[in-house]
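Visitor: I have a protein model to look at, and I would like to know how its labels are justified. Could you take me through the reasoning?

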Amino acid sequence: MTGLTHLDDDGRARMVDVGDKATTKRAATATATFTTRPDVIALVQADGLPKADVIATARIAGIAGAKRTSELIPLCHQLALSSVSLDFAFTEDSIVITATAKTTGQTGVEMEALTAASIAGLTLHDMVKAVDPASVLGDIRLLEKSGGKRGNWTPEAVEPIEAPVARTVRPRTAAVIVASTAGAAGTREDLTGPRISAWLSEHDYAVDAVTVVSDADVHLAITAALDAAPAVLITTGGTGLSPSDRTPEATQPHLDRELPGIAEAIRTLGSTKTPTAALSRGLAGVSGGTVVVNLPGSTGGVKDGLAVLDGLLDHLVAQIAGGGSHE
């Protein structure tokens, strides 16, 4: 992970779309340390405080806090937790809280575990403040997590955040991908791919290939095309709302930076001719030095998209390569 996922391209807060993530078993364990005086620790262990059942109350509070994490932390998703457990270990002057949360879902439970540990610690403070208002809750941190795309994680596995490194792209080269299940099956002639290829050739780009794939295989085609490091990759098709349309979902994970203005310009131009152009979910952006643009699957949508790129593409490619005017 090389960027802050809760910020969009304009730096605004957003809730991350996890709809396309795999549903897996996920777990996370967090800890917090509540520090107080030794005599207070003895009172807690002996249930000798005015507010009795200190640990039991803190445990229940931690579980309740985990269940309400999405209400407390605004960009967290609501999760169906399958389990929340809290353990309390005593030292001479502290109580070490360990919270574990589990779920089966599309996003992790780190925040639920951290919230459980934090709320349990705050409850401990509330229970002992009459005898030690100077008690301290600290060292709140994630110990481990499992599940999801990245599997198991521990603090030892943390790697420094590095800026995306651009591929060494091949200048003046391009690739074209047509996402069309009927076209891949040979039951419908593809007219969009050749049109894009001809346009690129007219603009002095050598086209590696026009690849026609089914909607289900577009993610494989995009990955293979980017591995070849062309200067430009243009896709067509699969940007609509039918269940099989997956091109934006296959494109987005590869993008280092999105170029929303290009995608919006294509939709805006198309909308002057047909209202349904506004339904296109096509993306545009940069992937390791390659300009990537999703165009709609219709010949009209391709025409509009190429019209937007005309006069813009060379300037964009030059800027990404480190040249070109910024005016």
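**Labels and their reasons**

Guide: Start with His-77, whose place is in the loop between α3 and β2. Keep in mind that this is a predicted model.

Visitor: Why is His-77 called buried or exposed, whichever applies?

Guide: Its relative accessible area is 17%. Buried means under 20%. The value for His-77 falls under that cut-off, so His-77 is buried.

Visitor: What makes Leu-75 buried, exposed or partly exposed?

Guide: Leu-75 is also found in the loop between α3 (69-72) and β2 (81-90). Its relative accessible area is 25%. Buried needs a value under 20%, and exposed needs one over 50%. Leu-75 meets neither condition, so it is partly exposed.

Visitor: Which annotation covers these residues?

Guide: UniProt, in an unreviewed entry, gives "binding site" for Leu-75, Cys-76, His-77, Met-111 and Glu-112.

Visitor: How do you know that they gather at one spot?

Guide: Look at sequence and space together. The five annotated residues span 38 residues in sequence. Yet no two of their C-alpha atoms are more than 12.5 Å apart, so they gather at one spot.

Visitor: Where is the "active site" of the UniProt record?

Guide: The unreviewed entry places that feature at Asp-126. Asp-126 lies in helix α4 (residues 110-128).

Visitor: How is Asp-126 classed, and why?

Guide: Asp-126 has a relative accessible area of 30%. Partly exposed runs between the 20% and 50% cut-offs. The value lies between them, so Asp-126 is partly exposed.

Visitor: Why is Thr-251 called buried?

Guide: Its relative accessible area is 1%. The limit is under 20%, so Thr-251 is buried. Thr-251 is in helix α8 (residues 247-251). Setting aside neighbours within four places in sequence, Thr-251 is in contact with Ile-222, Val-292 and Asn-294.

Visitor: What share of the protein counts as buried?

Guide: The figure is 40% of the 327 residues. The protein has 11 helices and 10 strands.

Visitor: How do you describe two packed helices?

Guide: By the angle between their axes and the distance between the axes.

Visitor: Then why is α9 called oblique to α10?

Guide: Helix α9 (residues 260-271) and helix α10 (residues 299-309) pack at about 130°, with axes 9 Å apart. Roughly perpendicular covers 65 to 115 degrees, and roughly antiparallel starts over 145. The angle of about 130° fits neither range, nor is it under 35 degrees, so α9 is oblique to α10. The crossing of α9 and α10 is right-handed.

Visitor: Which residues make the contact?

Guide: On α9 they are Ile-262, Ala-265, Ile-266, Leu-269 and Gly-270. On α10 they are Asp-304, Gly-305, Ala-307, Val-308 and Leu-309. By class, the contact of α9 with α10 has seven nonpolar, two polar and one charged.

Visitor: What makes α6 and α10 roughly parallel?

Guide: The axes of helix α6 (residues 192-202) and α10 cross at roughly 15° and come within 10 Å. Angles under 35 degrees count as roughly parallel. The crossing angle is under that limit, so α6 and α10 are roughly parallel to each other. α6 passes α10 in a right-handed crossing.

Visitor: Which residues of α6 and α10 are involved?

Guide: Thr-192, Arg-195, Ile-196 and Trp-199 come from α6. Thr-299, Val-302, Lys-303, Leu-306 and Leu-309 come from α10. The contact of α6 with α10 divides into five nonpolar, two polar and two charged residues.

Terms used:
Residues are numbered from 1 along each chain as its sequence is written. This is a predicted model: local features need pLDDT of at least 70, side-chain atom pairs count only at pLDDT 80 or more; totals for chains, interfaces and linings use all residues. Side-chain values use heavy atoms; hydrogens and water are left out. Axes are lines fitted to C-alpha atoms, for helices over the stretch in contact, and angles run from 0 to 180 degrees between N-to-C directions. Helices (H or I, at least four residues) and strands (E, at least two) are DSSP runs, numbered from the N terminus. A crossing is left-handed if the near helix is turned anticlockwise from the far one by less than a right angle, and right-handed if clockwise. Contact means heavy atoms within 4.5 Å. Ala, Val, Leu, Ile, Met, Phe, Trp, Tyr, Cys and Pro count as nonpolar, Asp, Glu, Lys and Arg as charged, and the others, Gly among them, as polar. UniProt positions are given in the numbering used here, feature names are shortened, and annotations may be inferred rather than shown by experiment. Buried means under 20% relative accessible area, exposed over 50%, partly exposed in between (1.4 Å probe, protein chains only).
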